[in-house]
Amino acid sequence: LRKTFRDHRSRRADEFVGEGALVCTCFGITESTIDALIEANQLESVEDVADACNAGRGCGSCRMLIEQMLDVRGATL
(Lines give C-alpha, C1' and ligand atoms only; values in the text may rest on other atoms or scores of the structure.)
Protein backbone atom coordinates (compact mmCIF):
# COMPACT_ATOMS: atom_id res chain seq x y z
CA LEU A 1 0.00 0.00 0.00
CA ARG A 2 2.81 2.41 0.86
CA LYS A 3 4.55 1.69 -2.44
CA THR A 4 1.31 2.35 -4.32
CA PHE A 5 0.86 5.66 -2.51
CA ARG A 6 4.49 6.63 -3.12
CA ASP A 7 4.16 5.82 -6.82
CA HIS A 8 0.94 7.81 -7.08
CA ARG A 9 2.53 10.85 -5.38
CA SER A 10 5.51 10.61 -7.68
CA ARG A 11 3.30 10.53 -10.79
CA ARG A 12 1.24 13.50 -9.54
CA ALA A 13 4.38 15.54 -8.91
CA ASP A 14 5.80 14.62 -12.32
CA GLU A 15 2.54 15.58 -14.05
CA PHE A 16 2.22 18.91 -12.22
CA VAL A 17 2.53 21.92 -14.46
CA GLY A 18 1.95 25.29 -12.95
CA GLU A 19 3.48 28.29 -11.34
CA GLY A 20 2.05 27.85 -7.86
CA ALA A 21 3.72 25.79 -5.19
CA LEU A 22 2.44 22.24 -5.01
CA VAL A 23 1.60 21.64 -1.34
CA CYS A 24 -0.16 18.28 -1.46
CA THR A 25 1.46 15.95 -3.96
CA CYS A 26 -0.91 13.10 -3.12
CA PHE A 27 -3.89 14.98 -4.51
CA GLY A 28 -2.15 17.67 -6.60
CA ILE A 29 -3.37 20.62 -4.51
CA THR A 30 -1.53 23.93 -4.89
CA GLU A 31 -0.84 26.62 -2.34
CA SER A 32 -3.11 29.05 -4.17
CA THR A 33 -6.00 26.57 -4.11
CA ILE A 34 -5.62 26.03 -0.37
CA ASP A 35 -5.30 29.79 0.26
CA ALA A 36 -8.46 30.45 -1.72
CA LEU A 37 -10.38 27.75 0.15
CA ILE A 38 -9.20 29.04 3.53
CA GLU A 39 -10.27 32.56 2.66
CA ALA A 40 -13.57 31.74 0.96
CA ASN A 41 -14.75 29.25 3.57
CA GLN A 42 -13.10 30.65 6.71
CA LEU A 43 -11.35 27.32 7.30
CA GLU A 44 -9.65 27.06 10.67
CA SER A 45 -8.02 23.62 10.84
CA VAL A 46 -6.12 21.11 8.74
CA GLU A 47 -9.17 18.86 8.94
CA ASP A 48 -11.33 21.68 7.51
CA VAL A 49 -8.91 21.94 4.57
CA ALA A 50 -8.91 18.15 4.14
CA ASP A 51 -12.71 18.15 4.07
CA ALA A 52 -12.68 20.89 1.42
CA CYS A 53 -10.09 19.44 -0.97
CA ASN A 54 -8.49 16.26 0.47
CA ALA A 55 -5.12 17.98 1.03
CA GLY A 56 -3.57 16.39 4.10
CA ARG A 57 -5.49 13.15 3.82
CA GLY A 58 -2.84 11.15 1.96
CA CYS A 59 0.65 10.62 3.32
CA GLY A 60 0.35 13.54 5.74
CA SER A 61 3.61 15.25 4.81
CA CYS A 62 1.79 18.46 3.83
CA ARG A 63 -0.16 18.80 7.07
CA MET A 64 2.55 20.98 8.65
CA LEU A 65 2.55 23.30 5.62
CA ILE A 66 -1.23 23.58 5.74
CA GLU A 67 -1.05 24.38 9.46
CA GLN A 68 1.49 27.13 8.72
CA MET A 69 -0.79 28.56 6.05
CA LEU A 70 -3.67 28.60 8.53
CA ASP A 71 -1.47 30.23 11.18
CA VAL A 72 -0.34 32.98 8.79
CA ARG A 73 -3.94 33.55 7.70
CA GLY A 74 -5.08 33.77 11.33
CA ALA A 75 -2.33 36.26 12.14
CA THR A 76 -3.44 38.58 9.34
CA LEU A 77 -7.12 38.70 10.35
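What is the volume of the largest cavity? The answer is about 40 Å³, and we will come back to the residues around that space after a look at the whole chain. Keep in mind that this is a predicted model.

## The chain at a glance

Let's start with the overall layout. The protein chain has 77 residues, and its secondary structure consists of 4 helices and 2 strands. If you walk along the chain from the N terminus, you meet the elements in the order α-β-β-α-α-α.

Next, think about inside and outside. Of the residues in the chain, 25% count as buried. The accessible surface amounts to about 5,100 Å², and carbon and sulfur atoms contribute 50% of that area. Contacts also tell us how the chain folds back on itself: among contacts with a separation of 6 or more, 40% join residues 24 or more positions apart.

## The nonpolar core

Now for the interior. The largest nonpolar core is made of 16 residues. Which of them have the most contacts inside the core? They are Ile 34, Ile 38, Val 49, Ala 55 and Ile 66. Four elements each give two or more residues to this core: the strand β1 (22-24) and the helices α2 (31-41), α3 (46-53) and α4 (63-76).

Ala 55 is a good residue to click on in the 3D view. Setting aside its neighbours within four places in sequence, Ala 55 touches Cys 24, Ile 29, Ile 34, Val 49, Ala 50, Cys 62 and Ile 66. Three of the names on that list, Ile 34, Val 49 and Ile 66, belong with Ala 55 among the residues with the most contacts inside the core.

## The cavity

Back to the opening question. How many cavities of 30 Å³ or more does a search of the whole structure find? The search finds 1. Its lining is formed by 10 residues, and those closest to the centre are Cys 24, Cys 26, Cys 59, Ser 61 and Cys 62.

By type, the lining residues divide into 5 nonpolar, 4 polar and 1 charged. You may recognise two of the names: Cys 24 and Cys 62 are also in contact with Ala 55.

## Two loop residues with a positive phi

Here is a backbone detail worth a look. Most residues other than glycine have a negative phi. Gln 42 has a positive value, near 50 degrees, and is not a glycine. You can find Gln 42 in the loop between α2 and α3. Is Gln 42 buried or exposed? Gln 42 counts as exposed because its relative accessible area is 52%, and the cut-off for exposed is over 50%.

Asn 54 is another such residue, with a positive phi of about 75 degrees. Its place is the loop between α3 and α4. With a relative accessible area of 33%, Asn 54 is partly exposed.

## Residues on the helices

The helices offer some helpful landmarks too. Arg 6 sits in helix α1 (residues 2-15) and is partly exposed, at a relative accessible area of 46%. Although Arg 6 and Thr 25 are 19 residues apart in sequence, their C-alpha atoms are 9.8 Å apart in space. In helix α3 you will find Asp 48, which is partly exposed with 29% relative accessibility. The C-alpha atoms of Asp 48 and Leu 37 lie 9.6 Å apart, with their positions 11 residues apart in sequence numbering.

Helix α4 holds both Leu 65 and Gly 74. Leu 65 is partly exposed, with a relative accessible area of 40%, and Gly 74 is partly exposed as well, at 44%. Measuring along the chain, Leu 65 and Glu 31 are 34 residues apart, while from C-alpha to C-alpha the distance is 9.3 Å. Gly 74 pairs up in a similar way with Gln 42 from the loop described above: 32 residues separate them along the chain, and 9.8 Å separates their C-alpha atoms.

Definitions and conventions: Residues numbered from 1 in each chain as written. Predicted model: local features only at pLDDT ≥ 70, side-chain atom pairs only at ≥ 80, totals over all residues. Heavy atoms only, no water. Core = buried A, V, L, I, M, F, W, Y, C linked by side-chain atoms within 4.5 Å. Buried < 20%, exposed > 50% of the residue type's maximum accessible area, 1.4 Å probe, protein only. Contact = heavy atoms within 4.5 Å. 1 Å grid on protein atoms, 1.4 Å probe; cavity = no way out; pocket = protein on both sides within 12 Å on 5 of 7 lines; lining within 4 Å. Points joined across faces, edges and corners; volume = space filled by probe spheres on them. Nonpolar A, V, L, I, M, F, W, Y, C, P; charged D, E, K, R; others polar. Areas by Shrake-Rupley, 256 points an atom, 1.4 Å probe, with all protein chains shown as cover.
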